Structure formats: C-alpha cells, structure tokens
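Student: I should like a close look at a single part of this protein, set out as one connected account. Please take the open sheet and whatever packs around it.

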Amino acid sequence: GKAQTTKIQTVVIDAGHGGKDAGAVGKNAKEKDITLSVAKKTGEYIKKKYPDVKVIYTRTSDVFVELMERANIANRNNADVFISIHCNSVANSPGTSGAEIFVMGDHRNNANLAVAKRENASILYESNVEENYGGFDPNSTEAYIAFSFIQSEFKQRSLELAELVQNELVNKAKRSDRVVQQAGFLVLYKTAMPSILVELGFISNPTEEKFMMSNDGQDYLASAVYRAFCAYKTNYEKNSVEFQQEIVQQPEKPVVDKNKGIVYKVQFTTRSRKLDNPAAVYSNLSDVDCYEHNGMFKYTTGCFATKQEADAYLKEVIKQGYDGAFVVKFENGVRK
C-alpha cells in the first residue's frame, strides 16, 4: 500500500484562491497573485534539488479551482505531502503581522476560527456546495463544531511538517512567530496525506504586503517552505528505513493471546469505514487491530496482560498525536 513507501515521491503545492476568487485583498496586492507566485517558486526549488520528486500544482495560472478539487488532485496523485499557500488578513488592524501554519483540527480560539471562515468562504464561489460539502456554511460557527471532530490520522506528521515550515519562516525569512495552529479548513479536510496550510503573512499589513509582493520576499518565503520540505523528507525517509530495520530486529517478547482471558488495548481512533490495511496507515503504532461497535470501526493498538502496561503505552500513543486515545479492556476477544 501507499502508506508503506519509504520515500517522499510526490508533493502537491496548492496556490490558494484564483480566478473569480481573489482571496484577501491588500492596498496593492491580491492574495491569489502572491500565493501563485510563491507556490511556483517553491515547486521550482524542490524540482531543482530533487529531480525525482513529482511536483504537482493545483493551479499554475489565474484560474478558479474548487476547494474539494484541490484535495482530490492530491488524492488522485497519491501525494505524500500537501502544502496549501495563503496570505492572512485581519480587518482594522494594520499592525498585525507574522506567519502562521495550520493543520486540520479544532480551533482553540476565535482568531483561528476567523481564519478558517475566511479561507472556507471560497466555496461561496462554487456551484455544487450542497452536494460537495453537505451544505456546509462557512460563516456558521456551529458548522465548525461538528467539523472539528474529524481527527486526521496524519495529524502527527502534519504537525511535524508545520513546525518545520514555521521555524524556517521565523528564522530565515524573519517573519514574526505566530506558532502552529489548528482549525477546520475544507481544503485540508479531504486530503489523505500529511497536509498543512501556510499563511505567509498579513496582506492587511502594508509592510508585510510589500514584502510578499516583492521578488526577494517571495524568494525568501518560497525557500523557507522548500527547506522545511527538504528537512521533512530527510527525517521521514530516515525514520522509515530505521523503522523497517527495527521490525526485523525486535526480540521475541511473550505473546499475549488477544482472544483468551482479559487483555488491555489502547483505542486511538474511530472510523465509519473499515481500512484495508490499517497496519500500513498507522505504521507508527504496533499491533493495530479493529473491532466493530455500533456500526463504527474502532481501532486499537498494543495488547497487554495488565492495565499498568496499557496505561504506560497510552502515554506513547498520545505523544504520537492521538489526543483522544484511551485504554479499553477485552475479555476472550470481546470489548468489556
């Protein structure tokens, strides 16, 4: 399966907005123009360093692309990484500045919700909103509450990539640090790979607008995203190789028979569909198993004879980014 590849082979770079959707507008610039320029520059840097990596753009000109189609382009191409590029904007606050990277998740504050609402408003230019997004209303706060429960299985890797981009933008492109955030973005929600949304800076801030419009500024921003991609690729490929070697070298430990007596496992996610190869999708977790309950498929990891061992392992699982994980008890293979 795709999830077992040890190499980052395909990256999709998404220039936010386009065509009839200008995105945020500053005094002199439109978000759609800055994002296209920075997206293309980022892709060029990647191609130059890694001729064997496939760089795919969701748009290469000033055209309108539906949010769902942007995710579909990444999914159809089996992308390993999806990077969506945007500019931030905030009304009546020309001093607000800085770069901010988002991953799919629940907004912890109104500022994050406001960014998601602004970016999701692109669907107001689309015709099949009801069909494509189940009538999702980008302006309704309630819509986001249900939406925020979508726990992406790629959250941990998305966060890793987001942190790398944030560090590059702050340290090399000298953007002020607004730290990595979470919120509900329609463009990220359907992607089946680690995905981030980059807000390069505030077009509503005249100094940042000028920087983002300038050729030098765009070079700085694109090279920051590019360097983060390189670091992510290197880490990912190194870890994949080490992980595969580890599997081979693990000593035999006494096997707990999961179908006999009482055992404890860590439940880490629930899905409406059964995965064909959960071990590959959740390759960072061991002994991945699935049971059906109330028509949902619940995924567990690990299998222990004592609750103490399961509790200790739970901490590891939470560290991997599965905040909602908890210990479950089984007796003779049945959930208790």
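Tutor: The account below takes the sheet, then its aromatic rings, and then the cores and one buried serine elsewhere in the chain. The model is a predicted one.

The sheet is open and consists of 5 strands, in the order β8-β9-β7-β10-β11, with antiparallel pairing. Its edges are formed by β8 (289-293) and β11 (334-335); each has a single partner strand, so one side of each is left without a neighbour in the sheet. Helix α11 (residues 307-319) packs on this sheet and touches β7, β9 and β10 (326-331), and its direction makes about 25 degrees with that of β7.

Two of the strand pairings can be followed residue by residue. At the β8 edge, 5 bridges join β8 to β9 in an antiparallel arrangement, and His293 stands opposite Met296 of β9. The hairpin of β8 and β9 has 2 residues between the strands, and within the hairpin Asn294 adopts a positive phi near 50 degrees. On its other pairing, strand β9 (residues 296-304) meets strand β7 (residues 262-271), again in the antiparallel sense, over 6 bridges. Here Lys298 in β9 has Thr270 standing opposite.

Aromatic rings provide further links around these strands. Over the whole structure, a search finds 12 aromatic pairs. In one of them, Phe268 and Tyr322 have ring centres 5.1 Å apart and planes at 65 degrees; the pair is therefore edge-to-face, since the angle exceeds the cut-off of 60 degrees. This pair links distant parts of the chain, as Phe268 belongs to strand β7 and Tyr322 to the loop between α11 and β10, 54 residues apart. Phe268 and Tyr322 are both buried. A further pair joins Tyr282 and Tyr299, with centres 6.0 Å apart and planes at 50 degrees, so this pair is tilted. It too links distant parts of the chain: Tyr282 lies in the loop between α10 (278-281) and β8, and Tyr299 in strand β9, 17 residues apart. Both Tyr282 and Tyr299 are buried. Ring pairs link Phe268, Tyr282, Tyr299 and Tyr322 into a cluster.

The nonpolar cores come next. The largest comprises 44 residues, and those with the most contacts inside it are Val11, Ile46, Ile83, Val165, Leu169 and Ile196. Helix α9 (residues 215-249) gives the most to this core, namely 10 residues. Apart from it lies another core, of 26 residues, among them Tyr144, Phe185, Val187 and Leu188. Beyond its neighbours within four places in sequence, Ile196 is in contact with residues including Ile83, Val165 and Leu188.

Ser84 is also among the contacts of Ile196. This serine lies in strand β3 (residues 81-88). With a relative accessibility of 0%, Ser84 counts as buried, because the cut-off for burial is under 20%. Not counting residues up to four places away in sequence, Ser84 touches Asp14, Val187, Ile196, Leu197 and Val198. Its C-alpha atom is separated by 6.4 Å from that of Gly16, although Ser84 and Gly16 are 68 residues apart along the chain. A polar contact of 2.9 Å joins the side chain of Ser84 to that of His86.

Conventions. Residues numbered from 1 in each chain as written. Predicted model: local features only at pLDDT ≥ 70, side-chain atom pairs only at ≥ 80, totals over all residues. Heavy atoms only, no water. Helix = DSSP H or I, 4+ residues; strand = E, 2+ residues; numbered from the N terminus. Buried < 20%, exposed > 50% of the residue type's maximum accessible area, 1.4 Å probe, protein only. Contact = heavy atoms within 4.5 Å. Polar contact = N/O pair within 3.5 Å; in protein donor to acceptor, adjacent residues only side chain to side chain. Pairing = 2+ DSSP bridges. Axes fitted to C-alpha atoms, helices over the stretch in contact; angles between N-to-C directions. Core = buried A, V, L, I, M, F, W, Y, C linked by side-chain atoms within 4.5 Å. Phe/Tyr/Trp six-rings, centres within 6.5 Å; stacked < 30°, edge-to-face > 60°.
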